[in-house]
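Please load the model in your viewer, switch on side chains as sticks, and keep the selection panel at hand. The stops below are meant to be followed in order.

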Amino acid sequence: MLFSFFQISVCSVDDESVSCDLTDDSIAAVAANCPHLAELNVRDCKHLTDALIAAVAEKCASLAELDVGDCSILTDASRAAVADNCRNLEVLSVVNCELAALPANIGKLSRLRQLLARGNQLKELPRSIVELDASCHVDVTYNSNPLELSTNKIWRQGIPAIKRYFEEHDDTA
């Protein structure tokens, strides 16, 4: 196949004037034939499944940026597969995905620079989030109160502040 000789760096369907007609089969073909895929933007492809995102995560270990924003059909299974397999991920966007939780193993993404999770239904953050690099930008705006506080100021101060919160919370338990 011709695809196997090329490295595709970006696959994007982020164009509001075009509806997302990509299917699991089309994205699976890209994943199978482009193991060096660096960026994948399937924002607003509401019909993509957990199996597809898990297959992309398993076959595209070089993935540095993944945007599955507005893909509300995805569940914990695909999010866990991404955290388990995409160790080179630097940007993860799960904006407006109706998430109730981030993957418990999110801390495995040691290269993550941006975690964009605004507009979900997060009620708490997984403790492994403190394993992310201290410079990682975490955006959980427009969610429920993920740190169970009267304000969301702590997460806005970054990973070190979130880590202190968990340490203090553990001391009072």
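Begin by selecting Asp24, Ile27, Ala28, Ala31 and Ala32 in helix 1, together with Leu52, Val56 and Lys59 in helix 2, since in this predicted model these are the residues through which the two helices meet. Colour this selection by residue class, and the contact of helix 1 with helix 2 shows 6 nonpolar residues, no polar ones and 2 charged ones.

Now draw the two axes. Two packed helices are described by the angle between their axes and the distance between the axes. For helix 1, residues 24–33, and helix 2, the axes come within 9 Å and cross at roughly 5 degrees, which means that helix 1 runs roughly parallel to helix 2.

Stay on helix 1 and shade it by accessibility: Ile27, Ala31 and Asn33 are buried there, and what covers the buried residues of this helix includes strand 2, residues 39–41, as well as helix 2.

Next, centre the view on Asn33, which lies in helix 1. Is Asn33 buried or exposed? With a relative accessible area of 14%, Asn33 is buried, because the cut-off for that class is under 20%. Then add Ala29 to the selection, and you will find its backbone oxygen 2.8 Å from a polar atom of the Asn33 side chain.

Move on to helix 3, residues 76–85, and select Ser78, Arg79, Ala81, Val82 and Ala83, which are buried. Expand the selection to their surroundings, where the buried residues of helix 3 pack against helix 2 (50–59), strand 3 (65–67) and strand 4 (91–93).

The remaining stops concern charged pairs. Side chains of opposite charge can pair when their charged atoms come close. How many salt bridges does a search of the whole structure find? The search finds 6 salt bridges, and the tour visits some of them.

Select Arg43 and Asp70, which form a salt bridge whose closest N and O atoms are 3.0 Å apart. Arg43 lies in the loop between strand 2 and helix 2, whereas Asp70 lies in the loop between strand 3 and helix 3, so this pair ties together parts that are 27 residues apart in sequence. Both Arg43 and Asp70 are buried.

Go next to Glu90 and Arg113, where the closest N and O atoms of the salt bridge are 3.1 Å apart. Because Glu90 sits in the loop between helix 3 and strand 4, and Arg113 in the loop between strand 4 and strand 5 (114–116), the bridge ties together parts that are 23 residues apart in sequence. Glu90 is partly exposed, with a relative accessible area of 28%, and Arg113 is also partly exposed, with a value of 41%.

Then select Arg118 and Asp139, another salt bridge, with its closest N and O atoms 3.1 Å apart. Arg118 lies in the loop between strand 5 and strand 6 (137–139) and Asp139 in strand 6, so the pair ties together parts that are 21 residues apart in sequence. Arg118 is partly exposed, at a relative accessible area of 30%, whereas Asp139, at 11% relative accessibility, counts as buried.

To finish, return to Arg43 and Asp70 and add Asp67 to the selection, because salt bridges that share partners join Arg43, Asp67 and Asp70 into one network.

Technical notes: Residues numbered from 1 in each chain as written. Predicted model: local features only at pLDDT ≥ 70, side-chain atom pairs only at ≥ 80, totals over all residues. Heavy atoms only, no water. Buried < 20%, exposed > 50% of the residue type's maximum accessible area, 1.4 Å probe, protein only. Helix = DSSP H or I, 4+ residues; strand = E, 2+ residues; numbered from the N terminus. Contact = heavy atoms within 4.5 Å. Axes fitted to C-alpha atoms, helices over the stretch in contact; angles between N-to-C directions. Parallel < 35°, antiparallel > 145°, perpendicular 65-115°, else oblique. Nonpolar A, V, L, I, M, F, W, Y, C, P; charged D, E, K, R; others polar. Salt bridge = Lys/Arg side-chain N within 4 Å of Asp/Glu carboxyl O. Polar contact = N/O pair within 3.5 Å; in protein donor to acceptor, adjacent residues only side chain to side chain.
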